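Colleague: Please give me a close look at one part of this model, the packing of a single helix on its partners. Set it against the chains as a whole, and say how far the prediction can be trusted.

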Amino acid sequence: MIFALLLASTRALPVRPLRLLVAAIVEYHRNVPVLVQILIWYFAVPQVLPDPLRLWLNRQDGEFLFSMIALALNSGAFMSEDLRSGLRAVPTAQFDAARSLGLSQIGALRYVMLPQALRIAVPAIINQTLFLFKNTSLAMAVAVGELTYRMHEIENTTFRTFEIFMFGTIAYLTFSFSLMGLGAWFSRRYPSAHRI
Amino acid sequence: MLDILRDFGVLFLIGSYPTGPLGGLAGTLLLSILGLGLSFPLALVLGLMRTSSQRWLLWPATIWVYTLRGLPLLMIIFWAYFGIPILLGHEVSAFITVVCAIVIYESAFLSEIVRAGLEGLSLGQTQAARALGLTYFQTMRYVLLPQALTNMLPSLLNQFVSIIKATSLAYVVGVHEVTLVASQVNSMLLTKPMQVFLILAAMYFILCFSLNRAAGALERHLARR
């Protein structure tokens, strides 16, 4: 989320090299499968890290950390797109007005544009959270002990496949439905002030 | 990096094809095309059910769509992995399992696109068609669907990109697509994970980025008409 804010704000600033850089980051995360991103973080990144850091990571659970970084960057990139469309929905006159009141570019973004954009972008961001939640199941591929992985473990020891799968499915569904409900509630509670 | 491409480039592209199953990037594409092609008819029916005014059609489709949207694809692949052999009574290959899982999963997402396409048309179209004496199915077949499908094309292309990215999960159950090939190459070389996985990422990137751009261009083209 923080990463998303950073990316979206940078992209909104009129500095061309920065904008290109952010665009490249976002395109990378949008066009490469999340699983591949996790694999890169898990297998490839430790190779280029200095040795002490790598050893330290191996002693901690590196799987969790790397999957978390991969997932955070990925959903950050997607959310920044949501925020960007939120920013575009705020009339540019607001930005100009803020500038003429003496706010700096960053100040104008921070105090005038982003609060409005965030509100517009909330339904999209909730949707994105749903995807993030579902993507955590991928961390299983590098053996992080999350729900899907634990399910597999229990299944291997008990062979009661269906009960366990049923439980996992229901657990995922409960959370997903609550998120969808939250999204629906939000768009009813705060209908967009001006139709875009 | 170039030497990896030289040694394993063919493996990346088509897997061990002439001697083994078709794999690599070609396997990924095959999976995606089968996934899209087979789930589209299903999605069309679901989309029509979702726009229908009959409760008994609307409810099952809605439950289907929301349930699948709430589950990770990996879950569905596992369900298919264990469920299909039990339903059919005999083993099926991992490839077929994943195709089934993708078809089921994407049918939910595609049906939302179909629904959006249908609801995006003005109500006047339906009314005019019905006033001319066309039945519901004739209205759909000759008036609504042709227009809706044209409008849907860019979203379909975008969804195709999602499917390509989704097929990387087939790696988990051991289908020979490009991600599995990469991890095989990685375990053969052992010392160069960065290069191997960057090649993998680059392949996905080139494929998906160009398709995304094509979708954007198509959208602008349709908007101009």
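Modeller: From its N terminus on, chain A runs α-α-α-α-α-α-α-α-α, and this is a predicted model. That pattern corresponds to nine helices and zero strands in chain A. Chain B reads α-α-α-α-α-α-α-α-α along its sequence, again with nine helices and zero strands. Its C-alpha atoms fill a box of roughly 70 × 50 × 30 Å along the principal axes. Of the 225 residues in chain B, 40% are buried. Taking contacts in chain B between residues at least 6 apart in sequence, 69% join residues at least 24 apart.

The part I would pick is helix H2 of chain B, residues 24-51. One partner is helix H3 of chain B, residues 55-70: the two axes come within 7 Å and cross at roughly 120°. An angle of this kind lies outside the range of 65 to 115 degrees and is not over 145, so H2(B) counts as oblique to H3(B). The crossing of H2(B) and H3(B) is left-handed. On the H2(B) side the contact is made by Leu46(B), Met49(B) and Arg50(B), and on the H3(B) side by Leu57(B), Leu58(B), Ala61(B), Thr62(B), Trp64(B) and Val65(B). By class, these residues are seven nonpolar, one polar and one charged.

Another partner of H2(B) is helix H5 of chain B, residues 94-119, where the axes come within 6 Å and cross at roughly 45°. This angle is not under 35 degrees and falls short of 65, so H2(B) is oblique to H5(B) as well. Here the crossing is right-handed. The contact of H2(B) with H5(B) has 15 nonpolar, six polar and four charged residues.

H3(B) leads on to the interface between the chains. The contact takes 27 residues from chain B and 28 residues from chain A. On the side of chain B that touches chain A, at least two residues each come from H3(B), helix H4 (73-88), helix H8 (178-189) and helix H9 (193-224). H9(B) gives the most to that side, 10 residues. By class, the side of chain B that touches chain A has 20 nonpolar, six polar and one charged residues.

For chain A, 32% of the 196 residues are buried. Of its contacts between residues at least 6 apart in sequence, 72% join residues at least 24 apart. One pair distant in sequence is Phe131(A) and Ser75(A), 56 residues apart along the chain and 8.3 Å apart from C-alpha to C-alpha. Phe131(A) sits in helix H7 of chain A, residues 105-135. It has 16 other C-beta atoms within 10 Å, over 12 but under 20, and is therefore partly exposed.

As to trust, the mean pLDDT of chain A is 70, with 63% of its residues at 70 or more. Among the elements of chain A, helix H1 (residues 2-12) has the lowest mean pLDDT, 59, and helix H6 (residues 92-100) the highest, 77. Where pLDDT is low, the predicted coordinates should not be read in detail.

Methods: Residues numbered from 1 in each chain as written. Chains lettered and ligands numbered in written order. Predicted model: local features only at pLDDT ≥ 70, side-chain atom pairs only at ≥ 80, totals over all residues. Axes fitted to C-alpha atoms, helices over the stretch in contact; angles between N-to-C directions. Helix = DSSP H or I, 4+ residues; strand = E, 2+ residues; numbered from the N terminus. Left-handed = near helix turned anticlockwise from the far one by under 90°. Contact = placed C-beta atoms within 7 Å. Nonpolar A, V, L, I, M, F, W, Y, C, P; charged D, E, K, R; others polar. pLDDT = per-residue confidence, 0-100.
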